[in-house]
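Trainee: I am new to reading protein structures. Could you walk me through one, feature by feature?

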Amino acid sequence: MSIAAISAPRQRQGELGQFLTPVPVAAFMASLFGPLPEVVRLLDAGAGAGALTAAFVSRLCKKKDGVRAVEATLYELDPLIQDALSGTMQDCQRVCAQAGIRFDFAIHPSDFIREMSARLAEGLFSAPPPTFDAAIANPPYRKISMDSPERRHLRCAGVETSNLYTGFIALIRRLLVPGGQLVGITPRSFCNGPYFRNFREDFLRNLEVHRLHVFESREAAFRDDSVLQENIIFHAVSGRKQPREIVISSSSGEKGNMVAEVVIPFSEVVHPLDTEKFIHIPSAPVHAAAKKTMDRLHSSLASLGLSVSTGRVVDFRLKSALRWEPEMGTVPLVYPCHFNGGTVRWPKPEARKPNAILSNDETRPWLVRSGVYLLTKRFTSKEERRRLVACVFDPESVEAEWLGFENHLNYFHANGHGLDRNLAVGLFAFLNSTVVDQYFRRFSGHTQVNATDLRKLAYPDRRTLQAMAAEMKTLDLSQHEIDELVEKCLHARQ
Ligand SMILES: C[S@@+](CC[C@H](N)C(=O)[O-])C[C@H]1O[C@@H](n2cnc3c(N)ncnc32)[C@H](O)[C@@H]1O
């Protein structure tokens with residue numbers, strides 16, 4: 001079956017979140033469904049040109065696993081892709097007829113979020129919402145602000161979420177019959193971070209997750225986004241009891257390239273005591289090794305007497321207080337662009353960011369007392385080798401009474417004040433090590449590092465961090481040197 005790959009022009013493509021699924025990926029998704037009823041009511045929400053339903057139909061026709069009829073419901077908002085979608089559905093009908101399967105379809109050229117939210121919200125007062133045995137989805141991906149129409153619609157159906165894709169998945173899961181199956185491909189961003197906490201709760205409470213698949217290579221990501229997003233495919237079944245074990249697989253995204261598949265206890269993916277419900281995906285053997293190392297660490301930031309916060313200076317809110325160059329009455333303002341290897345280089349006149357902020361009654365709540373701080377970037381570029389990039393702020397090289405840390409960085413502090421220098425240097429080594437980076441990649445598929453992510457990590461105890469600091473003769477060590485000394489100190493403590 002051929003699928004016309006016509007999609008909306010570029011700008012509209014962004015608005016619609018329209019990134020069509022390549023055929024091999026769609027075929028792989030279709031292959032994940034378990035046994036299906038004789039008559040399958042299928043939902044394809046945000047159907048595009050119909051690639052996912054076509055893959056579902058191809059699988060049924062090849063597998064001949066007892067399905068006699070498919071009743072497909074498709075939602076697609078874009079008028080420019082409707083012809084291609086109808087064409088694909090007619091193809092599906094033809095292929096099914098040849099295989100002795102009845103195929104009926106209904107294309108709704110309307111807004112899935114708006115329509116389904118309303119039907120779910122109206123409940124008793126109108127026709128009940130439709131129900132489905134199976135859903136296959138590559139939902140649109142776009143942030144939705146608090147006061148957007150999408151957000152208002154979703155709220156009526158009891159869904160509070162900040163992205164269109166999680167809105168789609170939350171609605172789809174509400175439309176599944178008990179035992180109904182959902183195979184979806186989405187960004188991996190919902191697996192961690194505070195913004196998706198409600199979604200994770202809802203997802204994990206109502207869907208039994210049987211399979212998670214990640215793409216190893218960045219090239220395989222077909223969503224064009226300014227923040228690197230890894231995609232994830234999941235197979236989940238409507239129900240309230242997670243399986244004891246879950247299949248985790250990964251591939252490069254190339255046709256037929258299955259790299260690895262492991263079966264692990266579900267409790268390793270979502271820890272039963274984790275109130276944040278992070279979803280860990282140990283797709284590569286190095287991730288499993290990193291977990292072993294991290295599982296042996298028993299200190300938390302709190303037990304070390306430390307906290308981590310996001311830089312308080314949101315520059316566009318304090319515009320009038322910012323200065324390109326330091327002058328009387330200002331204090332240093334530190335952005336990630338001031339990171340310079342292991343230390344901070346300030347001021348940086350050539351930077352395209354202000355170097356200073358006025359220190360007065362208005363700005364003081366957003367400043368911190370100078371001291372030794374450990375800083376990490378909140379966003380790394382795609383080129384950076386590690387997701388976690390830490391550096392030490394040393395008051396001896398930047399003299400000031402107060403400091404501004406800008407919102408694109410996180411800072412480790414002791415109750416709002418600076419850290420003991422050895423502790424900061426030990427944390428510097430630990431957080432810049434490959435083992436922490438690999439552990440971090442188990443639960444984070446994007447380049448953003450939230451303060452919550454850092455708060456949730458396990459840390460070496462104080463003495464081990466101090467031992468690491470003692471080994472750090474300079475902050476300018478190679479990755480290999482950092483890894484060696486971190487490993488040596490972690491092993492010495494066992
Ligand atoms: C990521 S694309 C995936 C298309 C197709 N399922 C595939 O996998 O190739 C998402 C699709 O959802 C459509 N879409 C966006 N917002 C929608 C909405 N509110 N209701 C229905 N469709 C929508 C877009 O036009 C786009 O075709």
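Mentor: Happy to! We will look at a sheet, a ligand site and two backbone details, keeping in mind that this is a predicted model.

Trainee: How do I read a sheet, and in what order do the five strands lie here?

Mentor: In general, the strands of a sheet pair through backbone hydrogen bonds, and they do so either parallel or antiparallel. Here the five strands form an open sheet with mixed pairing, in the order β11-β15-β12-β19-β16. At the edges lie β11 (322-323) and β16 (368-369), each of which pairs on one side only.

Trainee: Which way do β12 and β15 run relative to each other, parallel or antiparallel?

Mentor: Strand β12 (residues 330-334) and strand β15 (residues 356-358) run antiparallel and are joined by three bridges. For an example you can find on screen, look at Thr 330, whose bridge partner in β15 is Leu 358.

Trainee: Now the ligand. Which residues come nearest to it?

Mentor: There are 20 residues around the ligand, and the nearest are Gln 18, Thr 21, Gly 46, Glu 76 and Asp 111. Sorted by class, this shell holds ten nonpolar, seven polar and three charged residues. The ligand takes up the space of the second largest pocket.

Trainee: Which atoms should I look at for polar contacts with the ligand?

Mentor: Start with Thr 21: one of its polar side-chain atoms is 2.4 Å from an oxygen atom of the ligand. Backbone atoms take part too. A polar backbone atom of Phe 112 lies 2.9 Å from a ligand nitrogen atom, and for Ala 47 a polar backbone atom is 3.4 Å from a nitrogen atom of the ligand. On its own the ligand has 590 Å² of accessible area, and the protein covers 98% of that.

Trainee: And what should I look for in the backbone?

Mentor: Most residues other than glycine have a negative phi, and most peptide bonds are trans. Lys 277 is not a glycine, yet its phi is positive, about 55 degrees. You will find Lys 277 in the loop between α9 (266-269) and α10 (285-295).

Trainee: Where is there a cis peptide bond?

Mentor: Go from Trp 346 to Pro 347: that bond is cis, with omega near -5 degrees. Pro 347 belongs to the loop between β14 (343-344) and β15.

Terms used:
Residues are numbered from 1 along each chain as its sequence is written. This is a predicted model: local features need pLDDT of at least 70, side-chain atom pairs count only at pLDDT 80 or more; totals for chains, interfaces and linings use all residues. Side-chain values use heavy atoms; hydrogens and water are left out. Two strands pair if DSSP finds at least two bridges between them. Helices (H or I, at least four residues) and strands (E, at least two) are DSSP runs, numbered from the N terminus. A residue is near a molecule or strand if one of its heavy atoms lies within 4 Å of it. A polar contact is a pair of N or O atoms within 3.5 Å; within protein, one must be able to donate a hydrogen and the other to accept it, and residues adjacent in sequence count only if both atoms are side-chain atoms. Accessible areas come from the Shrake-Rupley method with a 1.4 Å probe; for residues, only the protein chains shown count as cover. On a 1 Å grid over the protein atoms alone, a cavity is a set of points where a 1.4 Å probe fits but cannot get out, and a pocket is an open set with protein on both sides within 12 Å along at least five of seven lines; lining residues have an atom within 4 Å of a point. A molecule sits in a cavity or pocket if more than half of its atoms lie within 2 Å of its grid points. Ala, Val, Leu, Ile, Met, Phe, Trp, Tyr, Cys and Pro count as nonpolar, Asp, Glu, Lys and Arg as charged, and the others, Gly among them, as polar.
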